[in-house]
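Visitor: I am new to this structure. Could you show me how to read its sheets and helices?

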Amino acid sequence: MKLRLRVPTGFAWVFATAFVLCSTATFSSAPAFAAAPNRVTSIFKPLSTPAQAVYEISLLALAICGAIFLVVGGLLAYTIVRFRRRPGDEVREPPQVYGSNQIELAWTVIPILIVFVLILATARTIYDVQGAIPPADALNVTVVGHQWWWEIRYPKLGIVTANELHVPVSETSKRRPTFLKLESADVAHSFWVPQLAGKTDVIPNRQNLMWIEPIQPGTYVGNCAEYCGMQHARMLLRVIVHPPEDFERWVAAQQEPPVGDPQMVAGRDVFFATSCVNCHAIRGTKAMGKFGPDLTHLMSRQTLGAGVVANTQENLQTWVRDPQHIKPGALMPNMQLTDNELDRIVGYLLTLK
Ligand code: CUA
């Protein structure tokens, strides 16, 4: 008797565990760093056209799968209770049923129809999202995945930044979608901001395309969604959606060269005398490294280390002293700076507003 009961209980545990795993995987991918004003990372709160399409198809798939679960689980529960073993069963054999055309037809045709509905609905969504034609004034941005940060380039605007994608909001009166070209500098990554669009892989030697069309200003968080090495979990992303005039202001500020501060000349000299310049670029100077993030307007960014810590003077100091302390495995090494060099370099970096 015990053995018979154990089978359904085992199934129940498998279902329960799978459910918990799936739901946590969907809802708890929020980054560790808490300064983001909007920390929702759920696909169930879409605020962008392609994300809305993904949301709708998810609801349909969930509803169909939920109905199947209820029917199968309900019948299973009913059968377990209704036909459970009773005293006297040892001497009787249950009725033996062989074949039933109606039942076999039903369990063949109904699933085929369900799968067909899912295929058609999914194909339509994919076509709607992937087939979208960029309007003439769409913003074009190239995003390059690196271990473990995002390079963000605005080719037509001449802006290069990192880890924070600034875009205009799309209004019904004036749609402003942003089209992204995704490239990788090393391994496979995946670009994912759940409220704005589905995931798109970022693959070496290939250009993948996607678009977002946020309909509400704010800061949206996302992350790399493809395991890409030790600090994959700390390859965070922010999309900052501006009202149109704000976005124009941001563009104008980023296009300016960094404002020099004569008091920081000493720091600047230390910076240019170390190998910092081999990896980092500061527009208008001889620092033209491409390996690490562009520092032209470093202090306009909210975070350091791709979302790991807030971009404050204290954290910047800790980061420059030893990035490995904050982000072990980061490709920026400990430069073994003396305290004096460190103070001067950080003093200079703080002027890159
Ligand atoms: Cu990049 Cu995971």
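Guide: We will take the sheets, then a helix pair. Keep in mind that this is a predicted model.

Visitor: How do strands of a sheet pair?

Guide: Strands in a sheet are held to each other by backbone hydrogen bonds, in a parallel or an antiparallel way. Here, one open sheet has five strands, ordered E3-E2-E1-E5-E8. Its pairing is mixed.

Visitor: Which strands stand at the edges of that sheet?

Guide: Strand E3 (159-162) and strand E8 (208-212) do. Each has a single partner strand, so one side of each lacks a neighbour in the sheet. From one strand to the next, the twist averages 25 degrees.

Visitor: How many bridges join strand E5 to E8?

Guide: Five bridges link E5 (residues 178-184) with E8, and the two run antiparallel. Take Phe-179 as an example: its bridge partner in E8 is Trp-211.

Visitor: Which strands does helix H4 touch?

Guide: Helix H4 (residues 244-255) packs on this sheet. It touches strand E1 (139-146), strand E2 (149-154) and E3. The direction of H4 makes about 100 degrees with that of E3.

Visitor: Now the other sheet. What is the order of its strands?

Guide: The order is E4-E10-E9-E6-E7. Five strands form this open sheet, again with mixed pairing. Strand E4 (164-168) and strand E7 (200-202) are at the edges. Each pairs with a single strand, so one side of each has no neighbour in the sheet. The twist averages 25 degrees from strand to strand.

Visitor: How many bridges join strand E6 to strand E9?

Guide: Two bridges do, between E6 (residues 189-192) and E9 (residues 218-224). These strands run antiparallel. Trp-192 has Asn-223 as its bridge partner in E9.

Visitor: On to the helices. At what angle do the axes of H7 and H9 cross?

Guide: Helix H7 (residues 313-321) and helix H9 (residues 339-349) cross at roughly 125 degrees. Their axes come within 10 Å. The two helices are therefore oblique to each other.

Visitor: Is the crossing of H7 and H9 left-handed or right-handed?

Guide: It is right-handed.

Visitor: Which residues meet in this pair?

Guide: From H7 come Leu-316, Gln-317, Val-320 and Arg-321. From H9 come Leu-342, Asp-343, Ile-345, Val-346 and Leu-349. Sorted by class, the contact between H7 and H9 has six nonpolar residues, one polar and two charged.

Methods
Residues numbered from 1 in each chain as written. Predicted model: local features only at pLDDT ≥ 70, side-chain atom pairs only at ≥ 80, totals over all residues. Heavy atoms only, no water. Axes fitted to C-alpha atoms, helices over the stretch in contact; angles between N-to-C directions. Helix = DSSP H or I, 4+ residues; strand = E, 2+ residues; numbered from the N terminus. Parallel < 35°, antiparallel > 145°, perpendicular 65-115°, else oblique. Left-handed = near helix turned anticlockwise from the far one by under 90°. Contact = heavy atoms within 4.5 Å. Nonpolar A, V, L, I, M, F, W, Y, C, P; charged D, E, K, R; others polar. Pairing = 2+ DSSP bridges.
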